[in-house]
Amino acid sequence: NLVPMAEILNKAHKENYAVGGFNINNMEFLQGIIWAAEEMDSPLILQTSEGAAKYIGMDYVIGMVDAATKNTHIPVALHLDHGGSFEFCMKCIRNGYSSVMFDGSHYQLEENIKLTKEVVKAAHAVGVSVEAELGKLGGTEDNVSVEAKDATFTDPEEAVRFVEETGVDALAIAIGTAHGVYSGDPELDFERLKTIKGKIDMPVVLHGASGVPEADVKKAVSLGINKVNVNTDFQQAFTGKIREIFVEDSGVYDPRKYCGPGREAIKDKVIEKITFLGSNGKA
Ligand code: G3H
Ligand code: 13P
Ligand code: ZN
Ligand code: NA
(Lines give C-alpha, C1' and ligand atoms only; values in the text may rest on other atoms or scores of the structure.)
(Ligands and ions follow the chains in the order given, each with its own letter.)
Protein backbone atom coordinates (compact mmCIF):
# COMPACT_ATOMS: atom_id res chain seq x y z
CA ASN A 1 0.00 0.00 0.00
CA LEU A 2 2.69 2.45 -0.99
CA VAL A 3 1.75 5.28 -3.33
CA PRO A 4 3.88 6.70 -6.16
CA MET A 5 5.73 9.80 -5.00
CA ALA A 6 4.24 11.85 -7.86
CA GLU A 7 0.80 11.48 -6.33
CA ILE A 8 2.03 13.05 -3.08
CA LEU A 9 4.10 15.76 -4.76
CA ASN A 10 1.60 16.85 -7.41
CA LYS A 11 -0.85 17.71 -4.64
CA ALA A 12 1.86 19.57 -2.72
CA HIS A 13 2.76 21.48 -5.89
CA LYS A 14 -0.86 22.45 -6.52
CA GLU A 15 -1.49 23.52 -2.93
CA ASN A 16 1.94 25.09 -2.29
CA TYR A 17 3.42 23.15 0.62
CA ALA A 18 6.29 20.68 0.98
CA VAL A 19 6.48 17.05 2.08
CA GLY A 20 9.50 15.67 3.90
CA GLY A 21 11.82 13.30 2.08
CA PHE A 22 13.00 11.75 5.33
CA ASN A 23 15.96 9.34 5.29
CA ILE A 24 15.83 6.16 7.31
CA ASN A 25 19.00 4.54 8.69
CA ASN A 26 17.48 1.82 10.87
CA MET A 27 14.22 0.64 12.45
CA GLU A 28 14.12 3.42 15.03
CA PHE A 29 14.31 6.08 12.29
CA LEU A 30 11.47 4.42 10.39
CA GLN A 31 9.26 4.21 13.47
CA GLY A 32 10.04 7.71 14.78
CA ILE A 33 9.34 9.18 11.34
CA ILE A 34 6.13 7.36 10.48
CA TRP A 35 4.65 7.74 13.96
CA ALA A 36 5.19 11.50 13.72
CA ALA A 37 3.64 11.72 10.23
CA GLU A 38 0.61 9.71 11.37
CA GLU A 39 0.16 11.93 14.40
CA MET A 40 0.38 15.02 12.18
CA ASP A 41 -1.94 13.55 9.52
CA SER A 42 0.78 14.23 6.94
CA PRO A 43 1.74 12.46 3.72
CA LEU A 44 5.24 10.98 3.92
CA ILE A 45 8.16 10.15 1.65
CA LEU A 46 10.41 7.58 3.32
CA GLN A 47 13.77 7.30 1.61
CA THR A 48 16.92 5.24 1.80
CA SER A 49 20.25 6.14 0.25
CA GLU A 50 22.01 3.30 -1.56
CA GLY A 51 24.28 3.09 1.47
CA ALA A 52 21.37 2.79 3.89
CA ALA A 53 19.61 0.20 1.70
CA LYS A 54 22.80 -1.87 1.74
CA TYR A 55 23.35 -1.33 5.48
CA ILE A 56 19.81 -2.33 6.44
CA GLY A 57 19.46 -4.93 3.67
CA MET A 58 16.90 -4.54 0.89
CA ASP A 59 14.66 -7.32 2.25
CA TYR A 60 14.63 -5.72 5.67
CA VAL A 61 13.79 -2.28 4.23
CA ILE A 62 10.81 -3.75 2.40
CA GLY A 63 9.74 -5.92 5.37
CA MET A 64 9.93 -3.06 7.86
CA VAL A 65 8.18 -0.55 5.60
CA ASP A 66 5.47 -3.13 4.91
CA ALA A 67 4.91 -3.58 8.63
CA ALA A 68 4.96 0.18 9.23
CA THR A 69 2.40 0.95 6.52
CA LYS A 70 0.06 -2.02 6.96
CA ASN A 71 -2.62 -0.14 8.86
CA THR A 72 -1.65 3.44 8.20
CA HIS A 73 -4.14 6.12 7.16
CA ILE A 74 -1.52 8.40 5.53
CA PRO A 75 -0.15 8.16 1.97
CA VAL A 76 3.42 6.85 2.09
CA ALA A 77 5.96 6.57 -0.74
CA LEU A 78 9.19 4.54 -0.47
CA HIS A 79 11.89 6.32 -2.43
CA LEU A 80 15.50 5.58 -3.38
CA ASP A 81 17.61 8.66 -2.54
CA HIS A 82 20.54 9.49 -4.87
CA GLY A 83 20.42 6.35 -6.98
CA GLY A 84 23.76 6.14 -8.77
CA SER A 85 22.95 3.73 -11.57
CA PHE A 86 20.15 2.39 -13.75
CA GLU A 87 20.83 -1.03 -12.25
CA PHE A 88 20.34 0.03 -8.63
CA CYS A 89 17.16 1.95 -9.52
CA MET A 90 15.77 -1.19 -11.17
CA LYS A 91 16.73 -3.31 -8.18
CA CYS A 92 14.72 -1.00 -5.89
CA ILE A 93 11.73 -0.98 -8.23
CA ARG A 94 11.76 -4.76 -8.44
CA ASN A 95 11.80 -4.97 -4.66
CA GLY A 96 8.79 -2.66 -4.25
CA TYR A 97 10.00 0.94 -3.99
CA SER A 98 7.33 3.29 -5.36
CA SER A 99 9.82 5.97 -6.39
CA VAL A 100 13.49 6.37 -7.29
CA MET A 101 15.92 9.23 -7.66
CA PHE A 102 18.47 8.91 -10.41
CA ASP A 103 21.25 11.35 -9.53
CA GLY A 104 23.19 12.15 -12.67
CA SER A 105 24.13 15.63 -11.47
CA HIS A 106 27.86 14.92 -11.73
CA TYR A 107 27.56 14.13 -15.48
CA GLN A 108 27.53 16.65 -18.31
CA LEU A 109 24.04 17.83 -19.22
CA GLU A 110 23.64 15.61 -22.30
CA GLU A 111 24.73 12.50 -20.44
CA ASN A 112 22.54 13.35 -17.43
CA ILE A 113 19.53 13.72 -19.76
CA LYS A 114 20.28 10.48 -21.58
CA LEU A 115 20.74 8.39 -18.41
CA THR A 116 17.78 9.96 -16.59
CA LYS A 117 15.53 9.30 -19.57
CA GLU A 118 16.34 5.59 -19.48
CA VAL A 119 15.35 5.37 -15.82
CA VAL A 120 12.14 7.36 -16.43
CA LYS A 121 11.10 5.08 -19.29
CA ALA A 122 11.54 1.90 -17.24
CA ALA A 123 10.08 3.32 -14.01
CA HIS A 124 7.02 4.91 -15.59
CA ALA A 125 6.23 1.66 -17.38
CA VAL A 126 5.50 0.15 -13.96
CA GLY A 127 3.95 3.21 -12.27
CA VAL A 128 7.03 4.26 -10.29
CA SER A 129 7.95 7.95 -9.92
CA VAL A 130 11.35 9.47 -10.73
CA GLU A 131 13.26 12.37 -9.21
CA ALA A 132 16.40 13.66 -10.90
CA GLU A 133 18.96 16.36 -10.14
CA LEU A 134 20.37 19.19 -12.14
CA GLY A 135 23.17 21.37 -10.78
CA LYS A 136 25.68 20.46 -8.09
CA LEU A 137 25.04 20.71 -4.37
CA GLY A 138 27.70 22.65 -2.51
CA GLY A 139 30.46 21.58 -0.28
CA THR A 140 29.82 23.02 3.14
CA GLU A 141 32.13 26.02 2.86
CA ASP A 142 30.38 29.37 2.80
CA ASN A 143 30.63 32.39 0.55
CA VAL A 144 30.24 30.84 -2.85
CA SER A 145 31.50 33.30 -5.45
CA VAL A 146 29.24 34.51 -8.27
CA GLU A 147 31.31 32.55 -10.79
CA ALA A 148 31.11 29.40 -8.70
CA LYS A 149 27.36 29.87 -8.37
CA ASP A 150 26.89 30.10 -12.09
CA ALA A 151 29.03 27.03 -12.60
CA THR A 152 27.33 24.81 -10.05
CA PHE A 153 23.83 26.16 -9.28
CA THR A 154 20.94 24.98 -11.45
CA ASP A 155 20.57 26.93 -14.68
CA PRO A 156 16.88 27.84 -15.28
CA GLU A 157 17.01 27.34 -19.06
CA GLU A 158 18.74 23.99 -18.68
CA ALA A 159 16.07 23.01 -16.16
CA VAL A 160 13.33 23.63 -18.74
CA ARG A 161 15.10 21.49 -21.31
CA PHE A 162 15.95 18.80 -18.77
CA VAL A 163 12.39 18.23 -17.53
CA GLU A 164 10.90 18.38 -21.04
CA GLU A 165 13.32 15.83 -22.45
CA THR A 166 13.45 13.44 -19.49
CA GLY A 167 9.83 13.50 -18.30
CA VAL A 168 10.84 13.34 -14.61
CA ASP A 169 8.19 13.77 -11.91
CA ALA A 170 10.29 16.00 -9.65
CA LEU A 171 13.46 18.01 -10.09
CA ALA A 172 16.10 18.53 -7.39
CA ILE A 173 17.89 21.84 -7.81
CA ALA A 174 21.11 23.38 -6.49
CA ILE A 175 20.53 26.83 -4.94
CA GLY A 176 23.12 26.89 -2.16
CA THR A 177 22.38 23.99 0.14
CA ALA A 178 24.81 21.18 0.92
CA HIS A 179 24.55 17.71 2.40
CA GLY A 180 25.53 17.35 6.04
CA VAL A 181 26.44 20.15 8.44
CA TYR A 182 27.33 23.74 7.53
CA SER A 183 30.15 25.74 9.01
CA GLY A 184 27.97 28.90 8.94
CA ASP A 185 24.44 29.59 7.73
CA PRO A 186 24.06 28.71 4.03
CA GLU A 187 23.02 31.47 1.66
CA LEU A 188 20.18 30.38 -0.58
CA ASP A 189 19.62 31.84 -4.04
CA PHE A 190 15.88 32.52 -3.72
CA GLU A 191 15.75 34.53 -6.96
CA ARG A 192 17.02 31.53 -8.88
CA LEU A 193 14.42 29.28 -7.23
CA LYS A 194 11.66 31.73 -8.18
CA THR A 195 12.86 31.85 -11.78
CA ILE A 196 13.13 28.08 -12.09
CA LYS A 197 9.71 27.45 -10.53
CA GLY A 198 8.19 30.04 -12.87
CA LYS A 199 9.55 28.15 -15.87
CA ILE A 200 8.88 24.55 -14.85
CA ASP A 201 5.36 24.03 -13.56
CA MET A 202 6.06 20.91 -11.48
CA PRO A 203 7.35 19.66 -8.11
CA VAL A 204 10.81 20.95 -7.11
CA VAL A 205 13.07 19.34 -4.48
CA LEU A 206 15.51 20.82 -1.94
CA HIS A 207 18.33 18.57 -0.75
CA GLY A 208 20.62 19.12 2.22
CA ALA A 209 17.98 20.82 4.35
CA SER A 210 19.55 19.86 7.67
CA GLY A 211 21.24 22.90 9.16
CA VAL A 212 19.28 25.39 7.05
CA PRO A 213 17.48 27.94 9.27
CA GLU A 214 13.76 27.26 9.54
CA ALA A 215 12.87 30.68 8.09
CA ASP A 216 14.92 29.98 4.95
CA VAL A 217 13.31 26.58 4.40
CA LYS A 218 9.88 28.17 4.88
CA LYS A 219 10.71 30.86 2.35
CA ALA A 220 11.94 28.23 -0.14
CA VAL A 221 8.66 26.34 0.33
CA SER A 222 6.66 29.51 -0.26
CA LEU A 223 8.60 29.97 -3.51
CA GLY A 224 7.80 26.49 -4.79
CA ILE A 225 9.85 23.78 -3.07
CA ASN A 226 7.62 20.72 -2.61
CA LYS A 227 9.99 18.10 -1.18
CA VAL A 228 12.56 18.80 1.51
CA ASN A 229 15.21 16.15 2.18
CA VAL A 230 16.43 15.66 5.72
CA ASN A 231 18.89 13.12 7.07
CA THR A 232 21.61 14.72 9.21
CA ASP A 233 19.22 16.53 11.61
CA PHE A 234 17.62 13.20 12.51
CA GLN A 235 20.98 11.46 12.84
CA GLN A 236 22.07 14.21 15.23
CA ALA A 237 18.82 14.04 17.21
CA PHE A 238 19.14 10.26 17.60
CA THR A 239 22.84 10.16 18.42
CA GLY A 240 22.69 13.30 20.56
CA LYS A 241 20.00 11.76 22.78
CA ILE A 242 21.95 8.51 23.11
CA ARG A 243 25.16 10.37 23.94
CA GLU A 244 23.31 12.32 26.63
CA ILE A 245 22.06 9.08 28.17
CA PHE A 246 25.54 7.52 28.11
CA VAL A 247 27.06 10.56 29.78
CA GLU A 248 24.37 10.55 32.46
CA ASP A 249 24.60 6.82 33.14
CA SER A 250 27.74 4.98 32.11
CA GLY A 251 26.21 1.71 33.37
CA VAL A 252 23.35 1.54 30.88
CA TYR A 253 23.52 -1.57 28.66
CA ASP A 254 19.97 -2.33 27.48
CA PRO A 255 19.66 -0.90 23.93
CA ARG A 256 15.96 -0.28 24.48
CA LYS A 257 16.89 2.18 27.22
CA TYR A 258 18.76 4.43 24.75
CA CYS A 259 17.39 3.55 21.29
CA GLY A 260 13.86 4.15 22.60
CA PRO A 261 14.59 7.73 23.69
CA GLY A 262 16.61 8.20 20.46
CA ARG A 263 13.53 7.21 18.49
CA GLU A 264 11.43 9.69 20.49
CA ALA A 265 13.97 12.44 19.73
CA ILE A 266 13.63 11.72 15.99
CA LYS A 267 9.84 11.78 16.28
CA ASP A 268 9.92 15.21 17.98
CA LYS A 269 12.20 16.55 15.23
CA VAL A 270 9.94 15.20 12.49
CA ILE A 271 6.88 16.85 14.07
CA GLU A 272 8.77 20.15 14.09
CA LYS A 273 9.74 19.76 10.39
CA ILE A 274 6.28 18.70 9.22
CA THR A 275 4.80 21.73 10.95
CA PHE A 276 6.96 24.25 9.12
CA LEU A 277 6.79 22.41 5.79
CA GLY A 278 3.00 22.75 5.99
CA SER A 279 2.14 19.12 5.18
CA ASN A 280 0.24 18.56 8.44
CA GLY A 281 -3.42 17.77 7.82
CA LYS A 282 -2.74 17.02 4.12
CA ALA A 283 -2.93 13.21 4.34
O1 G3H B 1 21.31 12.24 3.27
C2 G3H B 1 21.61 11.81 2.17
C3 G3H B 1 22.91 11.28 1.94
O4 G3H B 1 23.04 10.94 0.59
C5 G3H B 1 23.11 10.09 2.85
O6 G3H B 1 23.97 9.21 2.26
O7 G3H B 1 23.43 7.24 3.72
O8 G3H B 1 25.27 7.17 2.04
O9 G3H B 1 25.49 8.58 4.14
P10 G3H B 1 24.59 7.98 3.10
P1 13P C 1 21.05 16.51 4.95
O2 13P C 1 21.83 15.34 5.45
O3 13P C 1 21.82 17.78 4.91
O4 13P C 1 19.74 16.62 5.68
O5 13P C 1 20.67 16.18 3.42
C6 13P C 1 19.75 15.16 3.18
C7 13P C 1 19.57 14.90 1.73
O8 13P C 1 19.64 15.76 0.87
C9 13P C 1 19.24 13.52 1.35
O10 13P C 1 19.13 13.38 -0.03
ZN1 ZN D 1 20.42 14.65 -1.14
NA1 NA E 1 22.63 20.03 5.16
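In strand 3, Leu80 is the bridge partner of Thr48. The model is predicted, and this report starts from strand 3 and then turns to the barrel, the ligands and the annotated residues.

**Strand 3 and its neighbours**

Strand 2 and strand 3 run in the parallel sense and are joined over 6 bridges. Strand 3 also pairs with strand 4 (residues 99–102), again in the parallel sense, over 3 bridges. In that second pairing, His79 has Ser99 of strand 4 as its bridge partner. Of the 8 residues of strand 3, 8 are buried, so this strand is largely enclosed by the rest of the structure.

**The barrel**

Strand 3 belongs to a barrel that 8 strands close in the order 1-2-3-4-5-6-7-8, with parallel pairing. On average, and with direction ignored, neighbouring strands of this sheet are turned by 25° against each other. Helix 8 (residues 156–166) packs on the sheet, where it touches strand 5 (129–134) and strand 6 (170–173). The direction of helix 8 makes about 150° with that of strand 5.

Strand 1 (residues 19–23) and strand 2 (residues 44–49) pair in the parallel sense over 3 bridges. Within this part of the barrel, Asn23 stands opposite Gln47 in strand 2.

**Surroundings of ligand 1**

Asn23 is also one of the residues around ligand 1; the others are Ser49, Gly51, Ala52, Asp81, His82, His179 and Asn231. Helix 3 (50–56) and strand 3 (76–83) are the elements that give two or more residues to this shell. Sorted by class, the shell around ligand 1 holds 1 nonpolar, 6 polar and 1 charged residues.

**Asp81**

An unreviewed UniProt entry lists Asp81 under "active site". Asp81 is placed in strand 3. What does Asp81 touch, leaving out residues up to four places away in sequence? The contacts of Asp81 are Gly21, Asn23, Gln47, Thr48, Ser49 and Met101. Among these, Asn23 and Ser49 also surround ligand 1.

**The three histidines**

The unreviewed UniProt entry gives the feature "binding site" for His82, His179 and His207. These three residues span 126 residues in sequence, yet no two of their C-alpha atoms are more than 11.7 Å apart, so they gather at one spot.

His82 lies in strand 3. The phi of His82 is near 55°, a positive value in a residue other than glycine.

His179 is found in the loop between strand 6 and helix 9 (190–199). Not counting residues up to four places away in sequence, His179 touches Leu137, His207 and Gly208.

His207 sits in the loop between strand 7 (204–206) and helix 10 (214–222). With residues up to four places away in sequence again not counted, His207 touches Leu137, Ala172, Thr177, His179 and Asn229. Two of the annotated histidines, His179 and His207, are thus in contact with each other.

Are these annotated residues buried or partly exposed? A residue is buried if 20 or more other C-beta atoms lie within 10 Å of its own, and partly exposed below that but above 12. The table applies this cut-off to Asp81, the three histidines and Asp41.

| Residue | C-beta neighbours inside 10 Å | Class |
|---|---|---|
| Asp81 | 26 C-beta neighbours | buried |
| His82 | 22 C-beta neighbours | buried |
| His179 | 17 C-beta neighbours | partly exposed |
| His207 | 26 C-beta neighbours | buried |
| Asp41 | 14 C-beta neighbours | partly exposed |

**Surroundings of ligand 2**

Ligand 2 is surrounded by 14 residues, of which His207, Ser210, Asn229, Asn231 and Thr232 are the closest. Strand 3, strand 8 (225–230) and helix 11 (232–248) are the elements that give two or more residues to this shell. By class, the shell around ligand 2 divides into 2 nonpolar, 10 polar and 2 charged residues.

Asn231 is named in the surroundings of ligand 1 and is listed with the closest residues of ligand 2. Strand 3 gives two or more residues to the shell around ligand 1 and likewise to the shell around ligand 2.

**A further positive phi**

Asp41 has a positive phi of about 55° although it is not a glycine. Asp41 lies in the loop between helix 2 (27–39) and strand 2.

Note on methods:
Residues numbered from 1 in each chain as written. Chains lettered and ligands numbered in written order. Predicted model: local features only at pLDDT ≥ 70, side-chain atom pairs only at ≥ 80, totals over all residues. Pairing = 2+ DSSP bridges. Helix = DSSP H or I, 4+ residues; strand = E, 2+ residues; numbered from the N terminus. Axes fitted to C-alpha atoms, helices over the stretch in contact; angles between N-to-C directions. Contact = placed C-beta atoms within 7 Å. Near = placed C-beta within 6 Å. Nonpolar A, V, L, I, M, F, W, Y, C, P; charged D, E, K, R; others polar. UniProt positions renumbered as here; feature names shortened; annotations may be inferred.
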